[in-house]
Amino acid sequence: MRKLTIRERVLLLLLAVIALVSGYVLLFYLPTTQRLESLNVQIAQAQELATQLDARLANQQQMEKTLQQLSDQGAQVPYMPAYDNLQAVMVELHTILAGCQEYSLSFQNEQGEDHVFYRHVSIPFTCSSYEQAREVLRQLHDSDPRGLLGDIQLLQQENGTVRVSAAMTFFEYCTTQSTQNAEAIEPY
């Protein structure tokens, strides 16, 4: 066996140093860096979730405070009816619109998220005067099944009657058990 020259020894030493550095980078540095990046992403997501939950908690506490103030003042706190309140909504709408010359109700498919379902109703009706139309709209706004009145259009016709087109959205609360039933119910 022959003796290695200085040049060969230097090259072997250089190769060993390169192998050690490459091994360190591949086996320790890169996995550690990737793990740190993954942990930083998880920390950022956790902080964002904590911020969202803090905002929701503050909102809930404000709502509870408002409800407490209303009950302390003796005011009746409105409630959200249970899911599938369609019959009560229709009775209330027919009662309010009974004095109109003509009216129709057009219900759209119900939609929902996070246990709250909402129904959109188109309500075109004709009244004998502007004051009567205004009173009907006020009654719709103040009706017991709480809803959001919007998209109101009034048009006075040639014969003096007032044609009103309005849209109303009614909200209903659905428990987890009834949510499963609600998904199985055919839309109207």
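**Exercise 1. With which side chain does the side chain of Thr161 make a polar contact?**

Before solving, some ground rules. This is a predicted model, where local features need pLDDT of at least 70 and side-chain atom pairs count only at pLDDT 80 or more, while totals for chains, interfaces and linings use all residues. Residues are numbered from 1 along each chain as its sequence is written, and side-chain values use heavy atoms, leaving out hydrogens and water.

*Solution.* Step one: find the residue. Thr161 sits in the loop between strand E5 (147-156) and E6; strands are DSSP runs of E with at least two residues, helices are H or I runs with at least four, and both are numbered from the N terminus.

Step two: look for the partner. The side chain of Asn159 is it, at 2.7 Å. A polar contact here is a pair of N or O atoms within 3.5 Å; within protein, one must be able to donate a hydrogen and the other to accept it, and residues adjacent in sequence count only if both atoms are side-chain atoms.

Step three: check the surroundings. Thr161 has a relative accessible area of 8%, so it is buried (under 20%; exposed is over 50%, partly exposed in between, with a 1.4 Å probe and protein chains only). Leaving aside residues up to four places away in sequence, Thr161 touches Gln101, Thr126, Cys127, Ser128, Leu155 and Gln156, a contact being heavy atoms within 4.5 Å.

**Exercise 2. Work out which elements build the largest nonpolar core.**

*Solution.* Start with the definition: such a core is a set of buried Ala, Val, Leu, Ile, Met, Phe, Trp, Tyr and Cys residues joined through side-chain atoms within 4.5 Å. This one has 19 residues, and Leu93, Ile123, Phe125, Val136, Leu137 and Leu140 touch the most other members. Two or more residues come from each of helix H2 (86-97), strand E4 (116-127), helix H3 (130-141) and strand E6 (162-173). E6 gives the most, with five.

Now zoom in on Leu140: not counting residues up to four places away in sequence, Leu140 touches Leu93, Ile96, Ile123, Phe125, Leu149 and Met168.

**Exercise 3. Decide where the model deserves caution.**

*Solution.* First, the overall figure: mean pLDDT (the predictor's confidence in each residue, from 0 to 100) is 82, with 85% of residues at 70 or more. Next, the extremes: helix H1 (residues 6-72) is highest at 93, and helix H4 (residues 176-184) is lowest, at a mean of 45. Residues 177-188 fall below 50, though this stretch has 14 contacts in the model beyond near neighbours in sequence. Where pLDDT is low, don't read the predicted coordinates in detail.
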